[in-house]
Amino acid sequence: MPELPEVEVVRRGLERWVAHRTVADAEVLHPRAVRRHPAGADDFAHRLKGHRIGTPSRRGKYLWLPLEDTDQAILAHLGMSGQLLVQPHEAPDEKHLRIRVRFADALTSASPPLEYGSRGGTPIAAGSTELRFVDQRTFGGLSLHDTTPDGLPDVIAHIARDPLDPLFDDEAFHQTLRRRRTTIKRALLDQSLISGVGNIYADEALWRARLHYERPTANFTRPRTLELLGHVRDVMNAALAVGGTSFDSLYVNVNGESGYFDRSLDAYGREGLPCRRCATPMRRRPWMNRSSYFCPKCQRAPRVPS
């Protein structure tokens, strides 16, 4: 599933091309795409019409578009294959198009085309464009929710701040980490403790910190915790700089451009390849219905008490 860098890339694209535009109408093409909106597809489309989209926001992996004149927001669940794309009206429908949102206003010629890099993507020019939710597996979707006084959709009010949030509290994280008495990768993936970190970036940060994924958290020192948080932030910022990590053309920007941080991965997906630090073959182990990638020399497993 997309992690913080991939979701932030989408959020930035939406901020540039969707924020402060008024919805002319919405069309739900597959009911599963709004299954988290209990009132159904027709209600979802009707309640968007005529409202102005505010500045898109994100917390961890969660992305939402507030409606400026209400206390509600559109929460986007990208799931395994969901994409939010900004397309010209005349562009052919994608094979797995699930929701279409048309705007009452057009982009102005003062808006430069959206840049794209070496991995494809279509530049977005001025003119009539629409927002499309495309999802091959229909695990994702859009839904409308009330917001809290802090502006969060109420269903994600329990989600912790992410490490790139200026208000993230390093000391509180350290204290909670020690109290949890769990293992470090489980802690990094606990969205109520620290949000936005998924399997890919957890493995990358742990490799950089030379920590095994089963290292107990109860004996973490404050310097060790702060060092790990620094690596988490570094790897996420590095991924953000190149558009995130895209696999099989998933997790793309709003113009369809893929990220290419997969070229810079040090741990994830590198089973059998030499560690970039010590040349020892990297290993993969099954872990919580996922896989953990690590260097057996640089990231030594913790001793098991006799």
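A charge sits over a ring if NZ of Lys or CZ of Arg is within 6 Å of the ring centre and within 35 degrees of the ring normal. With that in hand, here are some close-ups of this predicted model.

**View 1. Two charges over two tryptophan rings.** Lys-185 puts its charged end over the ring of Trp-287, 4.6 Å from the ring's centre. Arg-277 does likewise with Trp-207, and here the distance from the charged end to the centre of the ring is 3.9 Å.

**View 2. Ala-202, tucked away in α5.** Helix α5 covers residues 199-209, and Ala-202 is part of it. This alanine has a relative accessible area of 0%, so it counts as buried. Setting aside residues up to four places away in sequence, Ala-202 touches Lys-185, Leu-188, Leu-189 and Val-197. Take Leu-189: it sits 13 residues from Ala-202 in sequence, and the two C-alpha atoms are 7.5 Å apart in space. Lys-185, another of the residues touching Ala-202, is also the one with its charged end over Trp-287.

**View 3. Gln-191 in the loop between α4 and α5.** The loop holding Gln-191 comes after α4 (184-188) and before α5. Gln-191 is at 14% relative accessibility, and because buried means under 20%, it makes the cut. Its side chain has a polar atom 2.9 Å from the backbone nitrogen of Gly-196. The Gln-191 side chain also gets to the backbone oxygen of Val-197, at 3.2 Å. Neighbours within four places aside, the contacts of Gln-191 are Lys-61, Ile-159, Ala-160, Gly-196 and Val-197. Val-197 turns up in View 2 as well, touching Ala-202.

**View 4. A tilted pair of phenylalanines.** There are 3 aromatic pairs in the structure. In one of them, the ring centres of Phe-168 and Phe-173 are 5.8 Å apart and the planes meet at 50°, so the pair is tilted. Phe-168 and Phe-173 are both buried.

**View 5. The two sides of α2.** Phe-44, Ala-45 and Leu-48 are buried in this helix, which runs over residues 41-48. Looking down the axis of α2, the buried residues stay within an arc of 95°, so they line one face of the helix. An α-helix has 3.6 residues a turn, so residues three or four places apart point the same way. What do the buried residues of α2 pack against? Their partners are β1 (23-28), β4 (72-77), β6 (97-103) and β8 (141-146). Asp-42 and His-46 are exposed, on the face turned away from the buried side of α2. After the helix comes Gly-50, with a positive phi near 90°.

Definitions and conventions
Residues numbered from 1 in each chain as written. Predicted model: local features only at pLDDT ≥ 70, side-chain atom pairs only at ≥ 80, totals over all residues. Heavy atoms only, no water. Helix = DSSP H or I, 4+ residues; strand = E, 2+ residues; numbered from the N terminus. Buried < 20%, exposed > 50% of the residue type's maximum accessible area, 1.4 Å probe, protein only. Contact = heavy atoms within 4.5 Å. Phe/Tyr/Trp six-rings, centres within 6.5 Å; stacked < 30°, edge-to-face > 60°. Polar contact = N/O pair within 3.5 Å; in protein donor to acceptor, adjacent residues only side chain to side chain. Arc of directions from axis to C-beta.
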